[in-house]
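The following paragraphs are intended to be read alongside the sequence and the coordinates. They take up helices of one chain, then a single residue, and then the overall form of a chain.

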2 protein chains.
Amino acid sequence: MGGVKDFGMDVTSRNDTVMELEGDLEPQIAAPRAIPARPTMKDVAARAGVSLKTVSRVVNHEVGVSPELVTKVELAAAELDYRPDLTASNLRRSDRRTSTIGLMIEDVSNEFSSAVHAGVEDVARLHQVAVLSASVHEDPQRESDLVRALSSRRVDGLVLTPTAGDHAYLERERANGLPMVFVDRLPHGIDADCVLTDNAEGTRLAIEYLIALGHKHIAFIGGLSILDTATQRHESFIATMQRHQLPIDPEWVFRNVKGTDDAEKVASSFLSESKQPTAIFAAQNMITMGVVRALKLAELQHKIALVGFDDFALADLLDPPVAVVAQDPRRMGQLAAELLFERIRDGKISEELHTVPSRLVIRQSGEIRPA
Amino acid sequence: MGGVKDFGMDVTSRNDTVMELEGDLEPQIAAPRAIPARPTMKDVAARAGVSLKTVSRVVNHEVGVSPELVTKVELAAAELDYRPDLTASNLRRSDRRTSTIGLMIEDVSNEFSSAVHAGVEDVARLHQVAVLSASVHEDPQRESDLVRALSSRRVDGLVLTPTAGDHAYLERERANGLPMVFVDRLPHGIDADCVLTDNAEGTRLAIEYLIALGHKHIAFIGGLSILDTATQRHESFIATMQRHQLPIDPEWVFRNVKGTDDAEKVASSFLSESKQPTAIFAAQNMITMGVVRALKLAELQHKIALVGFDDFALADLLDPPVAVVAQDPRRMGQLAAELLFERIRDGKISEELHTVPSRLVIRQSGEIRPA
DNA sequence: ACATGCCTTGACAACGTTGTCAGGTCTTCC
DNA sequence: GGAAGACCTGACAACGTTGTCAAGGCATGT
């Protein structure tokens, strides 16, 4: 809160009597000529010679206004460059909609998140709704601050990727009229609508593909296990290997790997040993990139197979091109937004779980067979 | 505008007398229990046993409220999960700030645009300001629609990448109190604050580097010449070649190339000829990727030098790693936002031109010498 | 004891808009 | 010709909040 109050200089409203109190002071050179008055409905009404309410009707395309008045009002509005004030409108309207939703993602400049963003925007645009977007950066404190900020701006709903923390606090927010849909990760402490990738299935696809090629020694490098997505991929890896009665070598199973550099280090460590896996499964975007680097450094990129989870730009241009389990983040965003608009429309709270399928994209790095 | 009026069912305000008119109809099963009432200041005031204004003072951290009352009010607010309504606050406040700005970029899911977005967010966050973001997709109609939409939501200012069209219409918007800063491209028909990459200088750096390596026959593949950025890069290419008295072979100069596929086609066309350039300058992101593809296809990636304009993820992992002129889109976003907040703060309109330097990132593809 | 001034609190209007309702004009029908 | 209805228009209140101002309590100085 604590608004913006330092700017002061409090310009009195445009056409009221001007305060004449400080006439004794020298002329205020370059006074903060702040905030030119915007034309309001009142101004349009005056210019068109009609009442306020008639302008309102014309602006909102209500039926039952005579054509002449419509023309007059539209002309006056155009001449003044009138823009209806959605904030005032929202205040008065009975549905209290702001035609704005909030989107909280990991990082707006991240390839995955911004694809989700694009998907949400696709749908929001159809509904003529604007999107307030923000990066959470995996920070629970920032997450709850953002929820407050967006709630204060009275967004009609929220699409968000939850952090690892507890989300019981959102229950009250939702009860107070803020519909929300989670995307990419399941929240803890609240039952809510959620759109997820099928992590287990995607992982199974990748691993079984490698197994079919004859691989028996597959390394697993996964992300932060506080995140469900990472855990699901790990569990599916284990389950799939077991189902095929293959040994899981603990020295080739890494969890809690964070970011490209860490992944490169981890991969390099076991690639320099004499005993090596014949294939590597990198359970996340950044990790895949790190492994690519490590393989290249060790000049093993054509000897050891690699499949990553989540596609990325240029994966097909690398040497060798990198096989991946491709998610469909844009679709996830679209689906989440569609769900949200349903919830907003009929005001009911529900707890549907939607899964967006992932598919295996076979590229050379995956086709390498064990020696 | 034509707001959202189809949802109907007009729930009367929460604690007023409930309308008893249609008691004869069957019970409305699962009636759209729309919009639960949110607590307002009035509710908080009642619960804390103080006046409305006192709650306002506490919420806004104004001085001069007795500590006991502050505690009482804060307690009541917390119990009700009260969230101040920024839209109502903005309406009444004399500064009329919404603490929200608009951002219009090419595409939220584009690597360059979303880095600009991240930069804007960095600065907005410091100011506790939310960002309404939208993709323009190089569509002038969409651009002006978005400006209207954001203006109606009374954003405090606008950061935007202009399309190729005319922008005189924004003059009136700005005169009506909407500060704006352009980023990445210079607008036409309006003098305004603008943050640009130094396209000419970046291009010069790249070309002179190639020349220094001994290249004399350099191909140029550039983007849509309706965009100034593309034109500037082209002109700088020509000027630099001429300054070094090198021939410009028209059959190796391509403009108006759009997207990866188009670039690949164009590059492939001249790579299949017997006479070839010894180096290629790709004047844009997508174009560079297309050229990489074409070179790889022709197996010339280690024979012909390549430098691209604008860096991209994994450029360093390609074979060979691709040399580029790197812009700093995040810095551009930050700078634009900083400028915008200055304009918002002191309400003055100005027309500063800011240039963010680009730098040459040398990677193997640039180090290839002519045969 | 009284005037003065500071400090805290609340009543009230207003921001720009829309929902409600009443009033006016014009048809239509007996 | 008059009543009834359809149609169009405007006056007014209200949405949730803050700016303004006045009133009351208390301490201080004479």
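**Two helices, a buried cysteine and the whole chain**

In α11(B), the buried residues are B:Asn285, B:Ile287, B:Thr288, B:Met289, B:Gly290, B:Val291, B:Val292, B:Ala294 and B:Leu295. The model in which they appear is a predicted one. Helix α11 of chain B covers residues 285–297, 13 residues in total. From the first C-alpha to the last, α11(B) reaches 19 Å, close to the 18 Å expected at 1.5 Å a residue. The buried residues of α11(B) pack against two kinds of element in chain B: the strands β6 (218–221), β8 (279–282) and β9 (305–309), and the helix α10 (259–271). Just after α11(B), B:Glu299 adopts a positive phi of about 55°.

The helix α10(B) may be considered next. It also has 13 residues, and its end-to-end C-alpha reach of 18 Å is close to the expected 18 Å. Its buried residues are B:Thr260, B:Ala263, B:Glu264, B:Val266, B:Ala267, B:Phe270 and B:Leu271. The cover over these residues includes α11 of chain B, together with β6, β7 (253–254) and β8. The contact between the two helices thus appears from either side: α10 is among the elements packed against the buried residues of α11(B), and α11 is among those covering the buried residues of α10(B).

Attention now turns to B:Cys194, which lies in strand β5 of chain B, residues 193–197. Is B:Cys194 buried or exposed? B:Cys194 counts as buried because its relative accessible area is 0%, and the cut-off for burial is under 20%. Leaving aside neighbours within four places in sequence, B:Cys194 is in contact with B:Phe182, B:Arg185, B:Leu186, B:Pro187, B:Glu352, B:Leu353 and B:His354. By contrast, B:Ala219 stands 25 residues from B:Cys194 along the chain, and the C-alpha atoms of the two are separated by 31 Å.

Finally, chain A may be viewed as a whole. Chain A contains 13 helices and 12 strands. Its radius of gyration is 28 Å, whereas a compact globule of 371 residues would have one near 21 Å. Along the principal axes, its C-alpha atoms fill a box of roughly 90 × 55 × 40 Å. Of the 371 residues in chain A, 53% are buried. Among contacts between residues at least 6 apart in sequence, 67% join residues at least 24 apart. The exposed area of chain A is about 16,900 Å², of which carbon and sulfur atoms supply 53%. Its side chains include 41 positive and 54 negative ones, and the centres of these two sets lie 3 Å apart.

Note on methods. Residues are numbered from 1 along each chain as its sequence is written. Chains are lettered from A and ligands numbered from 1 in the order in which they are written. This is a predicted model: local features need pLDDT of at least 70, side-chain atom pairs count only at pLDDT 80 or more; totals for chains, interfaces and linings use all residues. Side-chain values use heavy atoms; hydrogens and water are left out. Helices (H or I, at least four residues) and strands (E, at least two) are DSSP runs, numbered from the N terminus. The radius of gyration is taken over C-alpha atoms; the globule rule is 2.2 Å times the number of residues to the power 0.38. Buried means under 20% relative accessible area, exposed over 50%, partly exposed in between (1.4 Å probe, protein chains only). Contact means heavy atoms within 4.5 Å. Accessible areas come from the Shrake-Rupley method with a 1.4 Å probe; for residues, only the protein chains shown count as cover. Lys and Arg count as positive and Asp and Glu as negative; His and the chain ends are not counted. The place of a charge is taken as NZ of Lys, CZ of Arg, CG of Asp or CD of Glu. The expected span of a helix is 1.5 Å times one less than its number of residues.
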